[in-house]
Amino acid sequence: MEKHSHSLPKVVGDGEPLYLSGFGNHFSSEAVPGALPPDQNSPLICPYGLYAEQLSGTSFTSPRKLNLRSWLYRIKPSVTHEPFKLRVPSNGKLLSEFSQANSSANPTQLRWKPVDVPESPVDFIDGLYTICGAGSSFLRHGYAVHMYTANKSMDNCAFCNADGDFLIVPQKGRLWITTECGKLNVSPGEIVVLPQGFRFAVDLPDGPSRGYVAEIFGTHFQLPDLGPIGANGLAAPRDFLTPTAWFEDITRPGYTIVQKFGGELFTAVQDFSPFNVVAWHGNYVPYKYNLSKFCPYNTVLIDHGDPSINTVLTAPTDKPGVALLDFVIFPPRWLVAEHTFRPPYYHRNCMSEFMGLIHGSYEAKAADAFLPGGASLHNCMSPHGPDTQSYEATIARGNDAGPTKLAGTMAFMFESSLIPRICQWALESPFMDHDYYQCWIGLRSHFTVKETCPESASNENGHRETGNGSLMLSNE
Ligand SMILES: O=C(O)Cc1cc(O)ccc1O
Ligand SMILES: [Fe+2]
C-alpha cells in the first residue's frame with residue numbers, strides 16, 4: 001500500500017466520528033475547507049482538482065419532495081476500474097428476485113434459533129445470506145430479509161449494493177462502516193441505512209458479529225406520518241446521524257469493488273481506495289439511528305395498540321398507508337392498560353411479519369424460546385400471538401395488575417404488504433425450531449356455559465338454552 005504525497009491535510013478517523021444531524025436534510029460536508037464548489041455542482045475545474053460525481057437515489061424527474069441525490073467531489077471518479085466479472089466462488093445464498101424456482105411459499109409459523117458465528121474467517125459480504133423476500137430488484141418493487149454472521153473486517157474491498165437500500169440491525173458486535181460520505185460507528189441497539197449504490201466497507205472491531213438486514217427495492221425509507229399524535233414523538237428527525245466527509249488518498253493495488261447486482265456478486269478491480277471523497281453535498285446519504293432515542297406512545301387506558309404505533313421508518317408503496325416495509329420496534333415502556341390483555345393480541349394479519357430480537361426477551365414469547373439473535377416469520381394470514389406460557393402468566397397476574405415496566409428489551413419487526421417466499425437454506429437450517437408450533441398447542445379452552453337459569457334445558461344440539469332462547473356464556 002503506497003501513500004501518495006500531497007499537500008492536503010489528512011483527516012484521521014480515530015474514535016467516534018463526527019456526524020451531521022437530521023433526517024432528509026440537504027447536507028454539506030468538507031474534509032478540506034474550500035473543497036465544495038461554492039456556486040455550482042459541476043464546474044469546469046473543481047477546487048483542488050477534484051472530480052465531480054453525482055449519485056442519484058431517485059429518477060432525475062422524481063417529485064421534489066421525494067428526489068434524492070448527492071454530489072461527491074473525489075480524487076478519482078468511481079468509473080476508474082477494470083470490467084465487472086461474476087464473482088466465483090460465492091456463498092450463493094443471496095436473492096433479489098423471488099419465484100417458485102428459487103424459494104418456497106410457506107404459511108407455517110417459522111422460528112429460528114440464533115445462528116452461531118462461524119470459527120472460520122468470514123467478512124460481512126460472505127457472511128450475508130437471504131432468509132426470505134418478495135418481488136424483484138430488477139422490477140424495482142420488493143424486498144429481501146437477510147441475516148449475517150461474520151468475524152473479520154473486509155480487507156482491500158468495498159461493497160456496493162446496486163439492488164436496493166440496506167437497513168442493518170446489528171445484534172452482536174459493532175460495525176465500523178466507512179462510506180463514501182464518511183465513517184459511521186454502529187453498535188447493537190443502533191441501526192444503519194446504507195442506500196442503494198453507496199460503496200462501503202465494514203470493519204468488525206469486536207470480532208464475532210451477527211445481525212439482520214432489510215433490503216428494499218425501488219423506494220427509500222421515510223419517517224412515518226404522526227397523524228393525531230401531533231408534531232413530536234416516535235423517532236425524532238434530529239436523532240438520525242449522517243457521516244461527515246472523510247477521505248484517504250491511497251494507492252491500493254488489487255482493491256476490489258464487490259457489487260451486488262440482481263442478487264449476484266460482481267467484482268471490479270481498481271488501484272485506489274474508493275473512500276476518496278474530499279467533500280460532498282446533498283440529501284442522498286447513509287445514516288444511523290440509536291433505538292434508545294425512540295419516544296414510544298402507548299395505550300393509557302384500555303386495549304393493546306397496533307404495532308404501527310412503534311414505526312421507526314417506513315418504506316411506502318404507491319398505495320396510501322400500505323408499506324413495502326415498515327421497521328417497527330418493541331422498546332422498553334410502561335404497560336398501564338386496565339382490564340386489558342396487555343401482550344399482543346392473537347391475530348391474523350394481511351401483512352407479513354418477520355421479527356428479530358436484539359436483546360432481552362419479547363413480551364409474547366418465553367425468554368428461553370425466542371432468543372436474542374433468533375428470528376421468526378409469521379406469514380400473511382398465519383395466526384399467531386402469545387405462547388401458552390405468556391398467556392397463562394398474563395392471566396395469572398390478573399386484571400388489576402398495576403403499571404409495570406417492560407425493561408431491558410429490544411425486539412423489532414420488518415412488516416410488509418408483500419408476501420415473502422422463503423429460501424431453501426433457511427427452511428433447511430439446523431437452527432430452525434421445528435417445535436415452534438408447540439408453544440401454542442397448550443392453549444386450553446376456558447369456555448364454559450353458566451348454569452344460572454334453573455329453567456334452562458339442553459336443546460337437541462346439547463347446548464343449554466335460556467328461557468328467552470339465548471345462550472348464556474361466561475368465562476371460567
Ligand atoms: O406478532 C407480533 O408479536 C408483533 C405484534 C406486536 C403487537 O404488539 C401487535 C401486533 C403484532 O403483530
Ligand atoms: Fe403479529
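User: How many residues lie between β9 and β10 in their hairpin?
Analyst: In this predicted model, 4 residues separate β9 from β10 in the hairpin. Arg140 sits in the turn and has a positive phi of about 60°.

User: In which sense do β9 and β10 pair, and over how many bridges?
Analyst: The pairing is antiparallel, with 8 bridges between β9 and β10 (residues 141-150). Ser136 has His141 of β10 opposite.

User: Which other strand pairs with β9 in the antiparallel sense over 2 bridges?
Analyst: That is β30, residues 421-423. Within β30, Ile422 stands opposite Cys132.

User: Is β9 largely enclosed or not, and why?
Analyst: Strand β9 (residues 128-136) is largely enclosed by the rest of the structure, because 8 of its 9 residues are buried. Buried here means that 20 or more other C-beta atoms lie within 10 Å of a residue's own.

User: Switching to the sheet with β3 in it: what is the strand order?
Analyst: The order is β3-β21-β5-β4, an open sheet of 4 strands with antiparallel pairing.

User: Which are the edge strands?
Analyst: β3 (27-30) and β4 (51-56), each of which pairs on one side only.

User: By how many degrees are neighbouring strands turned against each other?
Analyst: On average by 20°, with direction ignored.

User: And what joins β4 to β5?
Analyst: 6 bridges, with β4 and β5 (residues 69-74) running antiparallel. One of the bridge pairs is Ser56 with Arg69 in β5.

User: Where do side chains point along a regular strand?
Analyst: In general, they alternate between the two faces of the sheet.

Conventions. Residues are numbered from 1 along each chain as its sequence is written. Chains are lettered from A and ligands numbered from 1 in the order in which they are written. This is a predicted model: local features need pLDDT of at least 70, side-chain atom pairs count only at pLDDT 80 or more; totals for chains, interfaces and linings use all residues. A residue is buried if 20 or more other C-beta atoms lie within 10 Å of its own, exposed if 12 or fewer, and partly exposed in between; C-beta atoms are placed from the backbone. Two strands pair if DSSP finds at least two bridges between them. Axes are lines fitted to C-alpha atoms, for helices over the stretch in contact, and angles run from 0 to 180 degrees between N-to-C directions.
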